[in-house]
Every structure is written in C-alpha cells, then in structure tokens.
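Here is a model to look at. The questions below ask why certain terms apply to it.

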Amino acid sequence: MTVLLIVLGAAVGAPLRYLADRAVQARHDTVFPWGTLTVNVAGSALLGFLAALPAQGPVMALAGTGFCGALTTYSTLGYETVRLAEEGARFHAVANAVASVVAGLGAAYCGAALAQAL
C-alpha cells in the first residue's frame with residue numbers, strides 16, 4: 001500500500017514540476033534556472049511542513065516521499081549548475097548552487113515553523 005501511495009504522489013508531482021518549471025522559465029529571459037529553483041524551494045517548504053506534522057504514515061508516503069520527491073529535483077539542480085559552469089556562466093552556476101541550498105533549507109524551516117504554529 002505504501003508503494004502505491006508513493007507512486008500516486010509521484011505521478012502528480014513529476015508532471016507538475018515540469019509544467020511549473022516551464023511556466024516560470026518562460027517568464028525569464030536569462031540562463032539562470034529560475035524554474036528549477038522555484039519548484040525546489042516550493043517542494044522544500046511543503047516537505048518541511050509535512051515533516052513537522054504529528055501524523056506521518058500514509059500522508060508522508062503520498063505527499064512527502066511521492067509528491068515532494070517528484071516535484072523537487074536535485075539531479076536537475078546538479079545538471080543545470082554543471083551546464084552553466086561549462087558554458088562559462090560561472091557566476092550563475094555558483095549563484096544557482098548557493099541560492100538553491102540556502103533557499104531550500106530556509107523554506108523547509110519556514111514550512112516546519114508554520115506547521116508547528118498551527
């Protein structure tokens with residue numbers, strides 16, 4: 001049952017990541033990967049919120065592992081950072097790595113704080 005919940009969450013999270021990434025990136029005329037940063041920060045905030053909730057089990061499998069796992073993407077962050085560096089956009093590469101880690105951790109903390117406040 002847990003595996004099925006994870007699969008269902010991922011089946012929603014993966015296409016949403018792609019669509020959100022494309023929608024955000026289409027609004028910016030820059031090499032910086034704003035779309036990936038946006039979905040990673042949003043997913044980190046949601047996962048921080050979910051992790052701070054008292055009830056875990058099926059909710060965490062569906063929404064945390066499945067949905068957030070497919071929505072966020074460390075592999076794309078890594079790929080885009082390396083691609084930027086190889087193309088000579090070293091400032092953007094470093095900014096992408098630093099902003100992603102700092103904003104992701106900050107978003108997870110804020111999500112957890114929000115869950116605890118409720």
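A salt bridge is a side-chain nitrogen of Lys or Arg within 4 Å of a carboxyl oxygen of Asp or Glu. This is a predicted model, in which local features need pLDDT of at least 70 and side-chain atom pairs count only at pLDDT 80 or more, while totals for chains, interfaces and linings use all residues. Residues are numbered from 1 along each chain as its sequence is written, and side-chain values use heavy atoms, with hydrogens and water left out.

Q: Why is the contact between Asp21 and Arg22 called a salt bridge?
A: The N to O distance between their side chains is 2.8 Å, and the limit is 4 Å, so the pair qualifies.

Q: What makes Arg83 and Glu87 a salt bridge?
A: Their side chains meet at 3.5 Å, N to O, which is also within 4 Å, so the term applies. The structure holds two salt bridges.

Q: Why is Asp21 called buried or exposed?
A: Buried means under 20% relative accessible area, exposed over 50%, and partly exposed in between (1.4 Å probe, protein chains only). Asp21 has 6%, so this residue counts as buried.

Q: Which term fits Arg22, and why?
A: Arg22 has a relative accessible area of 40%, so Arg22 is partly exposed.

Q: How do you know which terms fit Arg83 and Glu87?
A: Arg83 has a relative accessible area of 23%, so Arg83 is partly exposed. Glu87 has a relative accessible area of 54%, so Glu87 is exposed.
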